[in-house]
Each structure stands twice: as structure tokens, then as C-alpha cells.
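User: Please take a close look at one part of this model, namely the surroundings of its largest cavity. I should like a connected account that then places this part beside the other spaces in the model.

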Amino acid sequence: MGTHESAGGGPTRSTRRTFLTASAAATAATVAAPLAGTPAAADTVAPPGPGHPVRPQPPDRDLTALLHEIDRDRIEATVRRLAAFGTRHTLSSQDDPVRGIGAARDWIHAQLTGYAAASGGRMTVELQSYIQQPASRIPTPTTITNVVATLRGDTAPDRVYVITGHYDSRATDVMDAVSDAPGADDDASGVAVVLELARVLATRRTEATIVLAAVAGEEQGLYGSAYLAGQLKAAGVDVQGMFSNDIVGSSTADDGTRDPRSVRLFAEGVPTAETPAEASVRQSVGGENDSPSRQLARFVSDVADNGATGMRVRVIYRRDRYLRGSDHISFLREGWPAGRFTEPNEDFAHQHQDVRVADGVQYGDLPEFCDFDYITRVARVNGATLWSLAQAPGTPKGVTVVTTNLTNDTTLRWQRGTEPDLAGYEVVWRETTAPEWQKVLPVGDVTEVTIDLSKDNVFFGVRAVDSSGHRSPVAFPKPGS
């Protein structure tokens, strides 16, 4: 049974008896107090059993200030400037100073370098380049360059969160590197989100590290993001969450209807990198809806679906749309939790189209079809997510549900985190048919707890809480001893 050191130096542990007999007030006192100003959200329908209904995590004062600094005019200027490079096709000119992907690359690098200058050395910017040999949609050896800004965390720098937008663009013919391909929505909008968050985050101190990247080669086959993910993997980086912002520029559908207050977040169920052994466990105990990416998506809804962002996060239980794929897939392939933000409805006349007028209809991915207020709100969703992740403890590791004996209760174990402001843990649970966590039990600064509720009947998870009340994403337990 796991132990921890009490304030007096002696080991303490949480058992079924102590857990069930402790008063709610005493138990809550061992975990961080709620964030100041927590609204009294209406209780959702929750099943009977231990704990209280799960409530969203409201933005704290620092996050509210950050969200207020996100500048709509800067976002619009970024989209228009990127579109003005004519084309940003991966195979276009790398050395023309005014047109092509090379000019766009240099401009993005200059912007990020300027933002980093205000960081006191905590943000660094690099041009991450490699030569892609001939492959699908790459006919000749081609230099692919990601522009990467890294904001190093203060107390948990080895824990990393990544956000990307892709700065390459395309016309109707994916191999056409000459025609105009302004790529305003796809994906200058995503790059604008990345750049604006780099600007507002550069002057702030975070606990964990944040990587903000404009990647290339997406339209040709996710080449830039695959290289970025591969480099992080080779360096042994602990990526605990990644988000691609791809086509986040418009709230208007092809039939003219508008949905300016919601953003889709695609999150896979069965992990892309799942091994046969992991699949066997999942098939035996469930968990198809409890992948790390689904837990990450639930976290986004918890911290970014609120009045401070002005947005509703619509989680889609799918890796991506039909016939499409974005840069989060590169990170899923490495085994990391990742998701894709994209607009609620798409107008395909303004994606992957030559700029032209046909039958009175304007085609092409032009800035005039973007909604800059909408992109600003998407940036706030990303800002709330990244800040909340980087300031909270990391996702608990080594979480297991004990399955060595047939019992009608549930014992959970995990490894204690190393964050200096870690205050304790919470156990969450829900009915197996419920999409969201329904009940939460504060259990204190322990590494084991037994709960009077059958593991056969519900799903459990564990999340960490710090002294300010920031909560980590949930970790879904694996069966163990």
C-alpha cells in the first residue's frame, strides 16, 4: 500500500476505512482549496455514490488577464500578411524575398524572434530544417523548415505541451507550386493563433514548457510535424499534450449559416499507437472512450468552454474528418495525446481551390472569407488550454486499478508527482455509458486509495491538484497489482 510523508515526518496512507469515515471538510482540507471566485455552477445529473458532481475549472486572475491581451487586430494582420506572400506551397521558392514559402518562413521567424526578445531569455526560436527526400507529393529533395518557439517552464521544464499551425498552402492541384494559394483559412488562421499566443505568453512565467510551432509540409503529407514530433521523441521529451490548429478561420458554412461561438476538437478513441498487448487489455476491461487524447479533450472542455473564451468546445469522437488529416496525427503516431481544433462548419469553395470566379461564385482561400473575431476566440480557447495545462501538475503517471482479487470495492494506485506546489489528488468516476466524468472525490496527498464502489460497474480516473486549485488532465488506470 502506497505511503507519503506527513507534515510531522511520519508515513500516512489512505484506506477504505479512513476514506469512508473522514468528513468531507477534513478530506477537502488535504487538497488545494478551489480557485478564488469559483462560480456556483449548476449540478449536472450525477449517479448516486461517493463524491460530488464534477464542476468546470474557472479561469483564475492570471488567465483572465492573458485572455484579455489576445489582440484581434494583430491576428487579422498576420492572416493578411501570410496571404500576401502569394503562395506558400512547400515546393515554392525558398529564396524569393517577397513570394513563396521561404519569404513566409523568414517573416514568421522574425515575428517570433521579436516576441522572444521580451521573454528574458525564457523563449528561444529556431529554424528546424531537414531535407525531405523524394516521397509522396515531394518529387525532388526539398528542404522543409519548421519555425519553433520554445517557452521554457520554471519548475517543471521537462513536461511539454505543443501547439501548431501549418504555414504551407496549396491550390486545387496539390503539386501546383506556382499558382496563387493565399491559404488564409488553411492555415494562416492557425499560424495566427500560434503567433499571438507566443506574443502574450513570452512575457509570462509558466511551470511547464510550451512549444509553439509553425510547421511546413502539411499539405504534402504532414512532413514538418512528423519531423518535429520525431525530434522530440528522439530527445526523450515528455509531451503530455499537443494541439493542431488547422482551418480555424471562419464561422460560416457553405450554405451561409453561421456558428461563431463553437469550435470543434477532434480527439481519437482507440490510440493510433496502441500495441497489440494494449489492445488486448482494452478489449477486456473497456476504455475505448478513455484514451489519453479523450482525457485531454475533456480537460479542454473543463477549462476553455466558458464565458472567458466566449466559446463552446464541441468535442468530436474521431481522429479527424473524412478524407482529411492534420498535424496532430504525427504526434498520435508517437504515442502522445493530441487533438485538432477546426471551425464548426466548412465552406469547401474556400479550401484547396484555385483563386477564380466561376458561375458568379468566388473560389479561393482569401482573407475576405475569414472571421477575425472568430479566430480571436479560438486563440482564447487555445490560450486557456495551454495556460491551464502549463500551470497545473502533470497528468498522474503509473495509475493502476488493483485487479488481483475479486472485490466489490476499488483500489487505485499511482506515482506521486514532483511538482513543488502539488497539493494532492482527486478520483473521478462515471457510469460506463456516460461521456463525461460525473463525480469527484478529493483523496488528499496519497498514492493509494480504496473506494466503496465496484470497479466492475463504473470507470475511474485520477487527477492531480496544486495549491492554487489547478487540476491536471485525468489519467485512466490500467489493471495491475
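Analyst: Helices are DSSP runs of H or I with at least four residues, and they are numbered from the N terminus. The model discussed here is predicted. With that naming, H12 supplies the largest share of the lining of the largest cavity, namely 3 residues. This cavity has a volume of about 60 Å³. Its lining comprises 11 residues, and those closest to the centre are Gln 57, Asp 60, Leu 63, Ser 388 and His 470. By class, the lining of the largest cavity consists of 6 nonpolar, 4 polar and 1 charged residues.

Two of the central names lead to a helix contact. Leu 63 belongs to H3 and Ser 388 to H12, and each appears among the residues through which these helices meet. H3 spans residues 61–69 and H12 spans residues 372–391; their axes come within 10 Å and cross at roughly 150 degrees. Because angles over 145 degrees count as roughly antiparallel, H3 is roughly antiparallel to H12. The crossing of the two helices is right-handed. On the H3 side the contact involves Asp 62, Leu 63, Leu 66 and Leu 67, while H12 contributes Arg 380, Gly 383, Ala 384, Trp 387 and Ser 388. Sorted by class, the residues of this contact are 5 nonpolar, 2 polar and 2 charged.

The remaining spaces give this part its context. The structure holds 3 cavities of 30 Å³ or more. In the second largest cavity there is about 50 Å³ of space. Its lining is formed by Ser 169, Arg 170, Ala 181, Pro 182, Gly 183, Asp 186, His 352, Gln 353 and Asp 365. These lining residues divide into 2 nonpolar, 4 polar and 3 charged.

The largest pocket contains about 1,100 Å³ of space. It is lined by 39 residues, and Glu 278, Ser 291, Pro 292, Phe 476 and Lys 478 lie nearest its centre. Elements that give two or more residues to this lining are the strands S8 (238–245), S14 (397–402) and S20 (478–480), together with the helices H9 (276–285) and H10 (292–304). The lining of the largest pocket divides into 19 nonpolar, 10 polar and 10 charged residues.

Conventions: Residues are numbered from 1 along each chain as its sequence is written. This is a predicted model: local features need pLDDT of at least 70, side-chain atom pairs count only at pLDDT 80 or more; totals for chains, interfaces and linings use all residues. Side-chain values use heavy atoms; hydrogens and water are left out. Axes are lines fitted to C-alpha atoms, for helices over the stretch in contact, and angles run from 0 to 180 degrees between N-to-C directions. Angles under 35 degrees count as roughly parallel, over 145 as roughly antiparallel, 65 to 115 as roughly perpendicular and the rest as oblique. A crossing is left-handed if the near helix is turned anticlockwise from the far one by less than a right angle, and right-handed if clockwise. Contact means heavy atoms within 4.5 Å. Ala, Val, Leu, Ile, Met, Phe, Trp, Tyr, Cys and Pro count as nonpolar, Asp, Glu, Lys and Arg as charged, and the others, Gly among them, as polar. On a 1 Å grid over the protein atoms alone, a cavity is a set of points where a 1.4 Å probe fits but cannot get out, and a pocket is an open set with protein on both sides within 12 Å along at least five of seven lines; lining residues have an atom within 4 Å of a point. Grid points are joined across faces, edges and corners, and a volume is the space filled by probe spheres set on the points.
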